[in-house]
Amino acid sequence: MNTECNVYKKCSGCQLLNMTYEEQLKWKQIKVERLMGCFKKVNRIIGMENPYHYRNKVQTLFREAKSGKIVSGVYQSATNGIVAVESCLLNNKRADRIAIAVKTVAKRLDIKIYNPKTGEGFLKNTLVRTAHNTGENMLVLVTANEKFPKKEQFVSELLKLYPKITTIVQNINTSPNKMMLGSKEVVLYGKGKIQDILCGCKFNISPRSFYQVNPVQTEKLYNKAIEMAQLTGKEFVLDAYCGTGTIGLIASKYAKQVVGVELNAQAIKDAKENAELNKRNNVSFFTKDAGQFLDELTQDEVAPPDVLFVDPPRAGCNRLFLNSVVKISPSRIVYISCNPTTQQRDVMFLTERGYHVEEIQPVDMFPHTNHVETVCLLSKVSK
C-alpha cells in the first residue's frame, strides 16, 4: 500500500503523517497519560491494524481552473481555497471514486461549477457516506440552487459510471462560501438514506445524521464502554448527549431500560427511527439539553440511573450538567471523550465530589491526526 502523501502539509488534515504509526500511538499514549494519569494508570491505547482509508464520511470540493479543468479536493477554510486531492489516505476508497465519477459526469454534461467569488455556477461539493458492514453508498450533491440542469441524464450517467451508488440526494446550500449542508434536500435516486450495522445493531444514516467516521474503531470503543458499564440486564441506563442513539441502542441489549437525551431534534428523530428499526422497546429518547434534563430528574425525585453514559462535544460537560450528575449520583459513569483536556477537567470535578476513576482506555479513532478518543469509568465511592 502506498502510504505517501504529497500534499499533507498543504492539506493539514493529517498532522502526524511525518511519524510512523507506532510513533503516533506512542505520542497519543503520552498525551493521555499526561492529562489523565493523575487519576489512574492509563491502559495501552487501542490502535488500528490497518490505519488507512477508514473515513466513511468524505467531503470533496469542486472548483474550475482557468484552463476550464474541474479540480476536486479538500477545502481550506483559511483561504476559502482548495487543495487538489483525488485519492486520500484517510478516505474510504469508494468515496474517492464516487467523487471522481461526479467530476467526470459534470465535465461531460457541462454542469457549471460554483464560483464563490462571482456567485455563479451550480455544483459546489459532494458528501459521500459509505456503510462499512453493508457496502451501501450515499452520494449527496451540494448545489447553489434547486434547478438541476440535465438532472435525469446526470443521475443516469453517474450510475453507469459507478453502479454501486445506493442513493443520490441533492442538497441545496445558498450560503456563498460555507462548506456545509443546506436545510433543503431532494432525493434523486434511492431512499435518501443508507443502512449500516454497528455492534450488531442496524442504523439508518441520512445526509445529516451523526455517525462515527471510523466504524472499525467505533466498535472497539463502544464494546469497551459496554464492558465498563457492567450491565446485567437489570440496570436503568441514561445516555446523555446521545446523538442518534448509537451507544444507547447497543446498551439496550444488556440493560432493563435506556433513556437517551440530546438537544439536536434531527438526531433524536434518527434515534427513534433506529430504535424501531432494531425493535427495541426498552429505549426512550428525549429532545432536551442534557444538563436541564438531569436537573429535572433531581427535582422529580425519580430513581437515579444505575449507569450514566456521557459522550459530550469537544467542549465537554457544562457545570449545570456536572452538578446534576452529582445530585442524581449514578453508581457508574462511563465518560467517552474526543478531547482529553476537557475530560480531565470534568473528571477532576467528579472525583472531588464522590467518584473514583476505575479505568482509562484511549482509542485511536483518527489515525494520522492529533485527535485521540478516551473512555473512562468512574464509580461512586461507597461511604
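## Aromatic pairs

Rings of Phe, Tyr and Trp (taking its six-membered ring) make a pair if their centres lie within 6.5 Å. Go through this predicted model with that rule in hand, and the count is five aromatic pairs.

Let's zoom in on one of them. Y241 and F321 pair up with 5.2 Å from centre to centre and 55° between the planes, so the pair goes down as tilted: planes under 30 degrees apart would be stacked, and over 60 would be edge-to-face. Along the chain, these two residues are 80 residues apart. Y241 belongs to the loop between β10 (236–240) and α6 (246–251), while F321 is part of helix α9 (residues 319–328), and the pair links these distant parts of the chain.

Are the two partners buried or exposed? Y241 has a relative accessible area of 18%, and F321 has a relative accessibility of 1%. Buried means under 20%, so Y241 and F321 both count as buried.

There is also an aromatic cluster to look for: F122, F148 and F154 form one together.

## Charges over rings

Rings can have charged neighbours too. K124 has its charged end over the ring of Y114, 4.6 Å from the ring's centre. Over the face of F349 you'll find R353, at 3.7 Å from the ring centre.

## A look at S206

Now for a serine. S206 lies in the loop between β9 (201–205) and α5 (215–229). With a relative accessible area of 13%, S206 is buried.

Which residues does S206 touch, leaving out those up to four places away in sequence? The list is R129, M138, G192, K193 and D270.

Notes:
Residues numbered from 1 in each chain as written. Predicted model: local features only at pLDDT ≥ 70, side-chain atom pairs only at ≥ 80, totals over all residues. Heavy atoms only, no water. Helix = DSSP H or I, 4+ residues; strand = E, 2+ residues; numbered from the N terminus. Buried < 20%, exposed > 50% of the residue type's maximum accessible area, 1.4 Å probe, protein only. Lys NZ or Arg CZ within 6 Å of the ring centre and 35° of its normal. Contact = heavy atoms within 4.5 Å.
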